[in-house]
Amino acid sequence: FREMAAGSGRLDLLLVYNDKKYPIELKIRHNEQYVEKGLEQIARYMDIHNCKEGWYAVFDQRKKIDWENKIYTKKKKINDKTITIVGL
């Protein structure tokens, strides 16, 4: 499922697979604070949809950062939730 109202604070994608829901939030990286706000946002969506796992994709548009530092995958625990963060 895809939310249509960009910029309104709604979830970007909700993948439903085998009766499980996986919220996915997409952001373009502007600064560190922006990344942290996105983590808080996806955690709220996970609460709303009663999910233990979620995905957060961060598209890094900074010119001075090389590709080795832009592309990564890591997991972050917030309370009882696991968020997989993917840098692109």
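Guide: A residue is called buried if its relative accessible area is under 20%, exposed if over 50%, and partly exposed in between. The structure discussed here is a predicted model. By this definition, both Arg 29 and Asp 60 are buried.

Visitor: What makes the pair of Arg 29 and Asp 60 a salt bridge?

Guide: A salt bridge requires a side-chain nitrogen of Lys or Arg within 4 Å of a carboxyl oxygen of Asp or Glu. The closest N and O atoms of Arg 29 and Asp 60 are 4.0 Å apart, and therefore the pair meets the definition. Arg 29 belongs to strand S2 and Asp 60 to strand S3, so that the bridge links parts of the chain 31 residues apart.

Visitor: How do you know that strands S2 and S3 are paired?

Guide: Two strands pair if at least two bridges are found between them. S2 and S3 have 6 bridges and run in the parallel sense; one of the matched positions is Ile 28, whose bridge partner in S3 is Phe 59.

Visitor: How many salt bridges does the structure hold, and which residues are linked in a network of them?

Guide: There are 6 salt bridges. Asp 47, Lys 52, Asp 80 and Lys 81 are linked in a network. Within this network, the closest N and O atoms of Lys 52 and Asp 80 are 2.3 Å apart. This pair joins the loop between H1 and S3 to the loop between S4 and S5, across 28 residues. Asp 80 also meets Lys 81 in a salt bridge, at 3.6 Å from N to O.

Visitor: Are Lys 52, Asp 80 and Lys 81 buried or exposed, or in between?

Guide: Lys 52 has a relative accessible area of 49% and is therefore partly exposed. Asp 80, at 42%, is partly exposed because this value also falls between the two cut-offs. Lys 81 has a relative accessible area of 6%, which is under 20%, and so Lys 81 is buried.

Visitor: Why is Thr 84 called buried?

Guide: The relative accessibility of Thr 84 is 4%. The cut-off is 20%, and therefore Thr 84 counts as buried. Thr 84 lies in strand S5. Leaving aside neighbours within four places in sequence, Thr 84 is in contact with Gly 54, Trp 55, Tyr 56, Thr 73, Lys 74 and Lys 75.

Visitor: Why is S5 described as largely enclosed by the rest of the structure?

Guide: S5 is described in this way because 7 of its 7 residues are buried. Both faces are covered: Lys 81, Ile 83, Ile 85 and Gly 87 are buried on one side, and Thr 82, Thr 84 and Val 86 on the other.

Visitor: How do you know which strands pair with S5?

Guide: The bridges show this. S3 is joined to S5 by 6 bridges in the parallel sense, with Tyr 56 standing opposite Ile 85. S4 pairs with S5 over 7 bridges in the antiparallel sense, and the bridge partner of Ile 78 in S5 is Lys 81. Since at least two bridges are required, S3 and S4 both count as paired with S5. S4 and S5 form a hairpin with 2 residues between them, and Asn 79 in the turn has a positive phi of about 55°.

Visitor: Which other hairpin contains a residue with a positive phi?

Guide: It is the hairpin of S1 and S2, with 2 residues between the strands, where Asn 18 takes a positive phi near 50°. S1 and S2 run antiparallel and are joined by 5 bridges; Leu 14 has Pro 23 in S2 as its bridge partner.

Visitor: Which residues touch the most other members of the largest nonpolar core?

Guide: They are Ile 42, Tyr 56, Ile 83 and Ile 85, in a core of 13 residues. Helix H1 and strands S3 and S5 each supply at least two residues of this core. The largest share, 6 residues, comes from H1. Beyond its neighbours within four places in sequence, Ile 42 is in contact with residues including Leu 11, Pro 23 and Ile 83.

Visitor: Why is Ile 65 called partly exposed?

Guide: Its relative accessibility is 25%, which lies between the cut-offs of 20% and 50%, and therefore Ile 65 counts as partly exposed. Ile 65 is found in the loop between S3 and helix H2.

Visitor: How do you know that the charged end of Lys 70 sits over the ring of Trp 67?

Guide: One condition is that NZ of Lys is within 6 Å of the ring centre. For Lys 70, the distance to the centre of the Trp 67 ring is 5.0 Å, and the pair is counted as a charge over a ring.

Notes. Residues are numbered from 1 along each chain as its sequence is written. This is a predicted model: local features need pLDDT of at least 70, side-chain atom pairs count only at pLDDT 80 or more; totals for chains, interfaces and linings use all residues. Side-chain values use heavy atoms; hydrogens and water are left out. A charge sits over a ring if NZ of Lys or CZ of Arg is within 6 Å of the ring centre and within 35 degrees of the ring normal. A nonpolar core is a set of buried Ala, Val, Leu, Ile, Met, Phe, Trp, Tyr and Cys residues joined through side-chain atoms within 4.5 Å. Buried means under 20% relative accessible area, exposed over 50%, partly exposed in between (1.4 Å probe, protein chains only). Helices (H or I, at least four residues) and strands (E, at least two) are DSSP runs, numbered from the N terminus. Contact means heavy atoms within 4.5 Å.
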